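This report covers a sheet and a metal site. The structure is shown first, and the description follows.

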Amino acid sequence: MSDGYKIKHHGVNDTANTCNNPALSDVLEARLSRRGLLQGTGALGMAGLFTGTFTTLAEAAQGVGTLAAPKLGFAPVPFGFEDKVVVPAGYTAEVLYAWGDPVGIPGNMPAFKQDASNTAAEQEAQAGMHHDGMHYYPLPLGATGSKHGLLAINHEYTDDGLLHVNGMNGWNGDKVKKAQAAVGVSIVEVEATGKGWQVVRPSKYARRITANTPIAIGGPARGHDLMKTEADPQAVEILGTFQNCASGPTPWGTYLTCEENFDGVFANESGNLTDLEKRYGISPTGAGYKWAWEDFRFDLQLNPNEANRFGWVVEIDPFDPKAKPVKRTALGRIKHEGATTTIAANGHVVVYMGDDQRFEYIYKFVSKNKYDPKNRKANMQLLEEGTLYVARFDADGSGSWLPLVAGQNGLTADKGFANQGDVVIKARMAADIAGATKMDRPEWIAVNPRKAGEVYCTLTNNSDRGKEGKPGADAANPRNANLFGHIIRWQENAGDATSTGFKWDIFALAGRPDAAKQEHVGNIKGDAFGSPDGLKFDQLGVLWVQTDVSTSTVNMKEYKDMGNNQMLAVVPETGEFRRFLTGPNGCEITGLAFTPDNKTMFVNIQHPGEPADERNDPAKPLAISSWPDGPKAGRPRAATVVVRKLDGGVIGS
Ligand code: FEO
Ligand code: CA
Ligand code: CA
Ligand code: CA
């Protein structure tokens, strides 16, 4: 690898009845049906509720309060050391949609070429690289079925060593165009057939959103001076989204994709960085993607505001391939990990969000207006207006949501916050002033569908905690040199997601019981893991945890003999972690989705074959992994995998 191109990316189960896996969704359907939600425009609301299943379950839990704790019925798998996906006995895992597979656009379905010789134009009609956050939406809009739907899938970043025939050698504009086409989002139509789940091709829904797709600017940053560029003097439209990490559904059936390490594609070679650039990690050369060298939009000396147009949550309507996505700037500009939506009992929409960098914060947004299950069009505007908060965790186990509102909490004009546009564009700086708690890299956030107002967040690790000149351990981040990470949990006051106060505790300190150093032991009940990242509740209330041990560390050093990245299940009531899946060599496990009947789980295998420096040598692309194509592979490929029980039962049971 020539050093100028070094990359650094950073960063069941039953209900009470134990007979024959009753699908909770059926129970809910009956309840909702009784309330007339299945009729008329209510069908739309129904779809919304089921695409935002947390809401459904939360509502059910609140309304009835008798949903039994799910039980895990599978035998755990051991640590994984093989170049394959391993699932428990009685389960299958099949590849559905890998990097380079055609997305299914009518008349434009180029096949993947194993030597990576597909052009940029072909890549635009194929699956991107590095699959990440994902959600399943039953088809058609309004349906609740589990055999036919849409998958919205993030493609976080590229390994340019694999993406081009000879990697980054002979770097040029075409290679940049291909990289820009390999990130963003896929919308694919999928169907359960006699031969298992398949991507439907062609499909009228098939769509790729890339680093060049026109996206509207919504919210307080629309029209703001800091968002204006020569190409967009009114600050109303941005080209593209990228570094799309985690994601989340809304109850009205849209997809929130989240821009994380956007700073890495920009460069300001002058080295004269503004405070704003510094606070968001902008550097003279970026993370080694080299876009700025060929596409001057990413050269901050020429386009100083372009970086302000990234770091947002983007709302996409997967059901309408013509609908223009919108950057929802009211949710703040951070290195967004994910966006987890719930509907509070009072009808307001609440979105929880982590900012994944060492010592960054946890945020939530509360909508001004209320969710109306019968009015999808109105719901589409809910993320336009509301209050952004940031979390402070106090040592006594209580916590506060601090509003980030221009004119409040020290956010005054003389400090650079003359209006709410300033606040959201400079959200990190606003949170600094408000006094938020510096966390150990907030990743995914999950809302417990069985307990109103209970929320979990993975804090993946923070090797800098306690280092000289850095913050030391505190109550919410209790370990210095936190190599294994932890999962924090809070309970909003009175179970109300719009509350400004909460109680918190640490759900689990990840680690390994056999560690030499006490601080690496952790307190996990059950199977050992470290660096928790992906986190999602399934339809029945099982919490699934996916790990992202860096490829510079995986199965090495303190992680030696812990194998490849993995996925585990835990039921909050028992706190026992059980290992469900291990991935191929050099991968991260990230992104998962469930059908409403919880009988199909989609899991993403990100960057199989990734070396410690995060970019492959194109001369030996199969050095670490040839997953999923095996002997015929030219490149390892990120892919969505379908996991099912061989007996057709509920996942996890
Ligand atoms: Fe893209 Fe924080 O993981
Ligand atoms: Ca992640
Ligand atoms: Ca991570
Ligand atoms: Ca990764």
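## A strand pair and its helix

The model is predicted. Strands E16 (residues 362-370) and E17 (residues 386-393) are antiparallel partners, joined over five bridges. Within this pair, Tyr-363 has Val-390 of E17 as its bridge partner.

Helix H10, residues 427-434, lies across E16, E17 and strand E18 (398-403). The helix runs at about 105 degrees to E16.

## The sheet around the pair

E16 and E17 belong to an open sheet of nine strands, with antiparallel pairing. The strand order is E13-E14-E16-E17-E18-E23-E22-E21-E20. Strand E13 (340-343) and strand E20 (442-447) stand at the edges; each has a single partner strand, so one side of each is left without a neighbour in the sheet. On average, neighbouring strands of this sheet are turned by 30 degrees against each other, direction ignored.

Strands of a sheet pair through backbone hydrogen bonds, in either a parallel or an antiparallel arrangement.

## The calcium site

Which residues are the protein donors of the calcium ion (ligand 4)? They are Glu-588 through OE, Gln-606 through OE1 and His-607 through NE2, lying 2.0 to 2.7 Å from the ion. The spacing of these donor residues in sequence is E-x17-Q-H. Glu-588 lies in strand E29 (residues 588-594) and Gln-606 in strand E30 (residues 600-606), so this pair ties together parts that are 18 residues apart in sequence.

Glu-588 has a relative accessible area of 5% and is therefore buried, the cut-off being under 20%. Gln-606 is also buried, at 0% relative accessibility.

Conventions
Residues are numbered from 1 along each chain as its sequence is written. Chains are lettered from A and ligands numbered from 1 in the order in which they are written. This is a predicted model: local features need pLDDT of at least 70, side-chain atom pairs count only at pLDDT 80 or more; totals for chains, interfaces and linings use all residues. Side-chain values use heavy atoms; hydrogens and water are left out. Two strands pair if DSSP finds at least two bridges between them. Helices (H or I, at least four residues) and strands (E, at least two) are DSSP runs, numbered from the N terminus. Axes are lines fitted to C-alpha atoms, for helices over the stretch in contact, and angles run from 0 to 180 degrees between N-to-C directions. Contact means heavy atoms within 4.5 Å. Donors are N, O and S atoms within 2.8 Å of the metal (3.2 Å for Na, K and Ca); water is not among the atoms, so sites may look incomplete. Buried means under 20% relative accessible area, exposed over 50%, partly exposed in between (1.4 Å probe, protein chains only).
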